[in-house]
Every structure is written in C-alpha cells, then in structure tokens.
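Good morning, and thank you for coming. I should like to take you through one structure, which I will put on the screen now.

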2 protein chains.
Amino acid sequence: MAQAAEASRFSLQKDRMLRAAALCFNQKGFSGTSLKDVASHLGLTDAALYYYVKNKEELVYLCYLRAAELGREALDEALEAEGSAFDKVRRYLRLHSRFMVGPPGPVAIMSEIPSLRPEHRAEILSLSREHSARFERLLRDGIADGSIVHCDVRMTGNAIMGALNWIPKWHHGDMAVAEHVKDSFPDILSRGLKVEAD
Amino acid sequence: MAQAAEASRFSLQKDRMLRAAALCFNQKGFSGTSLKDVASHLGLTDAALYYYVKNKEELVYLCYLRAAELGREALDEALEAEGSAFDKVRRYLRLHSRFMVGPPGPVAIMSEIPSLRPEHRAEILSLSREHSARFERLLRDGIADGSIVHCDVRMTGNAIMGALNWIPKWHHGDMAVAEHVKDSFPDILSRGLKVEAD
DNA sequence: CAATAATTTTAATCTTCATTAAAATAATGC
DNA sequence: GCATTATTTTAATGAAGATTAAAATTATTG
C-alpha cells in the first residue's frame, strides 16, 4: 500500500514510461514487447530505460502496482458514496470502466502475472486478492441489505472482473468505442445483480 | 470453415501437440512460451515440432482455429435447442463455459491475436466477428420475442465474451474450482438478461 | 526380413534482445 | 561560467530461442 501510494510521486518522465510500457504490454504481452518498443514510444533508446528501472521485470511490476492503486482508489471512492450496496457497486463499475478505457491511460491491467518474479508476484497477487475480498464483501452487504440478488459472490466477482479486464481488447485505440464501452458496461454488468423493485 | 472442420482430423500426436501448446500459451503467452516448453509436455525435443508445423506462429494459428471451431459448435448446438432465445443463450453459456474449463482441454482462448501473421490474423478475426454477429443476432431475437431484456447487444456480447475468455485465469489447473466456474457462470451471466416473469 | 515411409534427435546457425559499462550531453545550482 | 548532477547514447557482451539440415531411430508393409 505504501508503495502503491508512492507511485503517484514518480517523475514525469517515469510516469510517461510506465504508460508507454502498459500500452505495449497490453498490445503484445510481456515477452512480446522489447524495451526498444517501449523506448521508441518515448523517443529514447532502449538502454535509457535502465536509468529509471532496474530491469524489464520491474517495469511490469510497477505497471501492476499502478493498476492495483487505481483499482483500490475506485473501490475506495465507490464505498464512500451514498446509497445502497447496489449503488456502490454501480459506482465502482463506472469508475473502473473509466480508467480501463482511459486515454493513453495510466495503466490497464494485463495478464502477465507469471512473468513477475516470485516476490513481486506474491505482492501483486496479495493486492489483487485483497481487492477481490473487498468487492465480495460489498456484494455480501448488498445481499444483506436486500439491494443485490442472492448469488455466489466469489464467482460473481470473478465474472465481473473478467469482463472488466477484457475491456482493453475491445477498443483498439478507437476512442469512440472506448467511450461507449465505458458508458454501457456499468449497466450491463450490474443489471444481473439488481433486485427488482416489484 | 473448411479448415476449421478439418482440425478434427489431425493425427493423434498433432492433437496432443495443440493441446499442450494451448496450455502453455494460456499460461505464459505466445512469446513467453518456448517451443521447448511445448515439446517437453510431450516428451519430445523442440525440433520435433517442426515435423507437424511450419513454425511457431502456425502453432497459435491452429490453436485459434480450434478454439473458433469449438465456439461455433457450441453456438450451433445452442441454436438447435428448443425454447426461447433466452434459453438458447443459457445453453450456449453452459457449453462455452464447459469447454473453457475443460481438462488439459482441447484449447482455451488466449489473447495473442497480435502475434499472428497478417493473413492468419485476418482469418481469425473474421471468424471471431462472425461468431459475435451470430451471438448478437441471438440476443436481438430474444429482445424481439420478449425473453431477453432490452440492451445494447454489441456491448452485452462483449461483456459476456470477456467474462468467458477470462475463465482460464481463475482456475489455475484446480479442477474443483474449474467445475464450480463451469456451473455458476451461466447463471451469473444470464441473470442480467432475463426478463422477469411478473 | 527388406524396403520404404514416418518420427525424432543432434548439432549447427542466426537473430533478437536484455543487460552493462563507459562516454557524451544536457541541466541546474552556485 | 564552473562544478555537479541528471539524463541519454554508443558500443559491447552474452544468453535464449527459433529454425534448418542431416543423421538416427522407429514403424509399416509387402
């Protein structure tokens, strides 16, 4: 957490680097992108990246850390909102969708966990599990307060996260599509949770 | 289509190879898996794979072709079933979930489209688009016959495909979890589509 | 069993890429 | 302007891994 919070204090250049890296990783995967790819997005040489980062692995690690931070913030913000648990879920979906389609955006989440070094992998998985647990707790609250349909919170959480994580695949840089995704996903994903007012 | 249909006629060994390849690609991505990785699953040398396939790219291509074939079959079978469009969607979700968690399974869908050579990429994307179109048509039918909630069929299709495609990430070889996923996803994903009988 | 075809291996080759060290350039504070 | 610090480049190095060709092995069949 402490580390994630610090991510925002990176230098401007380092920030640009992480965005470029996330972009590449999303498009071509970890092993598929060379440091040259990332560097050329910044008008730099591959070797220059080593000024900011110890090695390639650390680059993905920082991307994940950033993604975890954004996810956590979205959930934090959603939980603070007024209303039923269902309303909070909806708010979270809106916030999450928004940063998933975000412009050259901060960082989108990719599926490169296996590429991480064991310690980093453990840390990221732990952050991810914590996030899931918080979300599942929210779902349970909703079932309790009657605003969310009775369901298997673990699996429902997985389904929703899956749909969200896949978002970067739908809009291939097309911002019009991205906007549309951002606007419609929250509805679609939450409709199945809503307890119909009879 | 003709090619996809032929996939079933591969030699036993070639079949095993494709399964092993799909497994590896799912775990470590295209560039992340070496031919050695795939070969060692079969007790072979990396060079031996070249007997079955022209190069590494063709390996992913064939995996995708297989996946497309399975997806199509699931949809075919679902469409033949009795009942409302909603029932057909549910049936499709069940079939699709099943093969997504399938044992060392035929092939699970990965996100390595960018790794394909242009011609192959075009072919696979076209198959994928065709599949989406058929699914969206089914959703529209459901809206028309009143069994499915009014919704943006494009985005709803994307959300559902995203959730399905992410399935291999949830169960890490753990078959108990896999079974559970298979059993609960259809419910979860279809609940949001159902028109409540009042 | 001999002959032919099917598989797999060994042993190169060649390219791509991460990584490093040393040198060059730009920025900044004094 | 000078000294120091920050940033980037050039030029190696080394390893990993795809690919190939030729040789060895195994299976099939007449």
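I will speak about the pairing of two chains, then about one residue, and finally about a DNA strand. Please keep in mind that this is a predicted model.

Let us begin with the relation between chains A and B. A turn of 180° with a shift of 0.0 Å along the axis lays chain A on chain B, with an RMSD of 0.0 Å. That is the relation of a two-fold axis.

Next, the contact itself. Chain A contributes 32 residues and chain B contributes 32 residues. On the side of chain A, the elements that give two or more residues are helix H2 (12-28), helix H7 (153-165), helix H8 (167-170) and helix H9 (175-191). By class, that side holds 14 nonpolar, 13 polar and five charged residues. Of the interface residues of chain A, 100% are also interface residues in chain B, so the copies meet through the same surface.

Which residues does Ala163(A) contact, once its neighbours within four places in sequence are left aside? They are Leu189(A), Ala159(B), Gly162(B) and Ala163(B). Ala163(A) belongs to helix H7 of chain A. Ala163(A) counts as buried because it has 24 C-beta neighbours inside 10 Å, where 20 or more are required. Its partner Leu189(A) is 26 residues away in sequence, with 8.3 Å between the C-alpha atoms.

Finally, the DNA. Around DNA strand D there are 15 residues, of which Thr45(A), Ala47(A), Tyr51(A), Ser34(B) and Asn55(B) come nearest. The surface near DNA strand D comprises seven nonpolar, five polar and three charged residues.

Note on methods. Residues are numbered from 1 along each chain as its sequence is written. Chains are lettered from A and ligands numbered from 1 in the order in which they are written. This is a predicted model: local features need pLDDT of at least 70, side-chain atom pairs count only at pLDDT 80 or more; totals for chains, interfaces and linings use all residues. Two residues are in contact if their C-beta atoms, placed from the backbone, lie within 7 Å. Helices (H or I, at least four residues) and strands (E, at least two) are DSSP runs, numbered from the N terminus. Ala, Val, Leu, Ile, Met, Phe, Trp, Tyr, Cys and Pro count as nonpolar, Asp, Glu, Lys and Arg as charged, and the others, Gly among them, as polar. A residue is near a molecule or strand if its C-beta atom, placed from the backbone, lies within 6 Å of it. Copies are superposed by least squares on the C-alpha atoms of residues with pLDDT of at least 70 in both. A residue is buried if 20 or more other C-beta atoms lie within 10 Å of its own, exposed if 12 or fewer, and partly exposed in between; C-beta atoms are placed from the backbone.
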